[in-house]
Amino acid sequence: MIDFDYQQLDEIIHSRIRLAVMSVLISVDSADFNYLKKKVNATDGNLSVHLKKLEEAEYINATKEFVGKKPQSSYKLTAKGKKAFEIYVERLEKLLGR
Amino acid sequence: MDENKALEELKFIKKVIDESKRTIIDNGMGYIVWGILIVIGLLSTYLSIVNKSYFAYGYNWFVVIGIGWLYSFFEVRREKKVLPVVTFSARIVGAVWFATGIVMTILGFVPTLTGAIHGVYVSPLMAVILGIPFYLTGVLYGIRFIKYLSIGWWAGGIIMFIYPGMYSLVLMAGMIIFFQVFPGIFLYRKFKNEKLLAND
């Protein structure tokens with residue numbers, strides 16, 4: 001078994017929930033909070049924290065609007081986020097010698 | 001991080017991507033509503049010819065197509081607000097259907113009104129055109145049977161071109177029920193099973 005240098009991996013993406021959020025957003029145009037919550041299987045509070053971190057890194061964009069009387073947040077991957085995700089996957093593959 | 005962990009992470013990414021891409025956000029209502037409207041248009045045209053009652057002949061199409069476009073306009077606006085996710089495949093499918101709708105509306109009215117195409121060739125023309133969006137929808141949603149419906153549309157179109165006649169109005173109505181309304185009901189059920197909406 002070979003030990004990899006995990007520091008080569010983007011630490012913002014290198015968390016199960018953030019990785020799942022990025023994986024969902026790379027495969028769709030946009031997704032709202034509840035859809036992400038269902039897909040990544042996280043609680044409201046937990047997901048909010050991770051989304052905030054991705055937003056701060058400018059990996060995702062949030063759009064807030066009202067649907068009826070309910071506020072709704074929709075998330076989209078930014079160009080920077082897309083690039084970061086691609087690099088993350090490339091490094092994982094490289095680490096595996098693919 | 002060891003090799004197993006890296007491999008597990010890659011598998012996880014692939015799984016999430018595959019699942020998200022497969023999300024069906026098409027509720028099938030467009031196929032059902034447009035299908036019923038066109039069947040009404042076809043059968044009312046057929047009956048008016050058979051009964052030689054040309055009172056509303058031709059105008060029925062203005063009514064059904066007008067209702068169809070109004071429905072699509074409001075449905076697209078509603079979906080933009082309520083759908084929790086927008087997939088790339090749904091955007092492409094929506095654009096293809098919109099463009100097809102425009103082409104069919106033009107071909108349904110302009111050539112017959114100007115006399116460029118005899119009315120008897122409208123149904124086969126529509127059938128061969130309809131094969132395109134069904135083929136693309138099937139490919140992009142990964143639903144094989146919808147892709148193969150296009151063969152039915154193209155075969156029906158060829159038959160109606162070779163043997164033109166009044167019967168084509170009824171045949172086309174049948175094709176719409178089997179190749180459009182029923183697949184619409186299938187998509188509706190599939191969409192409901194995804195439980196995407198808050199009240200599902």
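**A sheet shared between chains A and B**

In the predicted model, Val67(A) has Lys70(A), a residue of β3(A), as its bridge partner. This bridge belongs with the pairing of β2(A) and strand β3 of chain A, residues 70-77, which run in the antiparallel sense and are joined over eight bridges. A further pairing crosses from one chain to the other: strand β1 of chain A, residues 28-32, and β1(B) are also antiparallel, here over three bridges, and within β1(B) the bridge partner of Ala31(A) is Val85(B).

Taken together, four strands make up an open sheet with antiparallel pairing, in the order β2(A)-β3(A)-β1(A)-β1(B). The edges are occupied by β2 of chain A (60-67) and β1 of chain B (85-87), and because each of these has a single partner strand, one side of each is left without a neighbour in the sheet. From one strand to the next, the twist averages 20°.

The contact between the chains involves 25 residues from chain A and 21 residues from chain B. On the side of chain B that touches chain A, at least two residues each are supplied by α1 (3-21), α3 (59-82), β1 and α4 (88-114) of chain B, with α1(B) giving the most, namely ten residues. Classified by residue type, this side of chain B comprises 13 nonpolar, six charged and two polar residues. The strand β1 of chain B thus appears in both descriptions, as an edge strand of the sheet and as one of the elements that supply the side of chain B touching chain A.

Key. Residues are numbered from 1 along each chain as its sequence is written. Chains are lettered from A and ligands numbered from 1 in the order in which they are written. This is a predicted model: local features need pLDDT of at least 70, side-chain atom pairs count only at pLDDT 80 or more; totals for chains, interfaces and linings use all residues. Two strands pair if DSSP finds at least two bridges between them. Axes are lines fitted to C-alpha atoms, for helices over the stretch in contact, and angles run from 0 to 180 degrees between N-to-C directions. Two residues are in contact if their C-beta atoms, placed from the backbone, lie within 7 Å. Ala, Val, Leu, Ile, Met, Phe, Trp, Tyr, Cys and Pro count as nonpolar, Asp, Glu, Lys and Arg as charged, and the others, Gly among them, as polar.
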